[in-house]
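Student: Could you walk me through this one while I have it open?

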Amino acid sequence: MPLSLTVSDEVRAIAPGFTHIAVEAHDLTNGPSTDAGAALLDDAARRLAVRLDGRAPHEDAHVAAWREVYTAFGSKPSRTRNSAEALARRALSDAGLPRINLLVDLYNAISVAHLIPVGGEDIDHVQGGMRLVRATGDEDFLTAAGGEEVVEHPDAGEVIWRDDAGVTCRRWNWRQGPRTRLTEKTTSGIFLLESLAPMPVADVEAAATELAQLLAEFSPGARITVHAPHPER
């Protein structure tokens, strides 16, 4: 049975052009970053540079739409950037893209190449379904600081992904919590691609298809399903 993903009416109200596609995968093989994964990240940075053609990431229409939505729920987009913009800035900098582990490298490559937020969650650590909601401010967000686990709370009204245990990602797609992140032991994952108007749904579908193909290539025998897009219009 696929993992349940729902979007609240309160989120739809501030982002009427939101669409998400889930790529669900089981029997995955993960491990440390590889030369092949690094090559995909380098190629994604090149594709991004062509796409932007000299512009800064925030000048792209899709990134600009995310900045508007972040402002709508009370976050400062120049300080807490959506994941696609943050990765794009890293890709274009001297530091380059980080190497995390193979599965994270694959979805980061797709995010950068298509300039779209992509997240990955370990299904075995998700409790109940995942819901995109506006926070009350009382939800628990388990994170780490100084090498120690700490519990934070989102701002009231902040858009969050959460499950039955608490927040899995703050400020929509800004910071993922360690509880559900993909590790080298992950065998089942849900990969979420998120877009706003004016990005055509067909572009999100193309990115999801490319990610599914990479997962199949790097995890032979994995069971992969691309779920139909869910436009919130």
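Student: How does strand β3 pair with β10, and over how many bridges?
Tutor: Strand β3, residues 118-122, runs antiparallel to β10 and shares five bridges with it, where two strands pair if DSSP finds at least two bridges between them; within that pairing, G119 has L192 of β10 as its bridge partner. This is a predicted model, in which local features need pLDDT of at least 70, side-chain atom pairs count only at pLDDT 80 or more, and totals for chains, interfaces and linings use all residues. Residues are numbered from 1 along each chain as its sequence is written, and side-chain values use heavy atoms, with hydrogens and water left out.

Student: And what about β2 and β10, how many bridges there?
Tutor: β2 and β10 are also antiparallel, over seven bridges, and T19 has S195 in β10 as its bridge partner.

Student: Is β10 buried or exposed, then?
Tutor: Seven of the seven residues of β10 are buried, so the strand is largely enclosed by the rest of the structure; buried means under 20% relative accessible area, exposed over 50% and partly exposed in between, with a 1.4 Å probe and protein chains only. G189, F191, L193 and S195 point one way from β10, while I190, L192 and E194 point the other way.

Student: Switching topic, which residues does L211 touch?
Tutor: Leaving aside residues up to four places away in sequence, L211 touches V23, L106, Y107, I110, V118, F191 and L193, contact being heavy atoms within 4.5 Å.

Definitions and conventions. Helix = DSSP H or I, 4+ residues; strand = E, 2+ residues; numbered from the N terminus.
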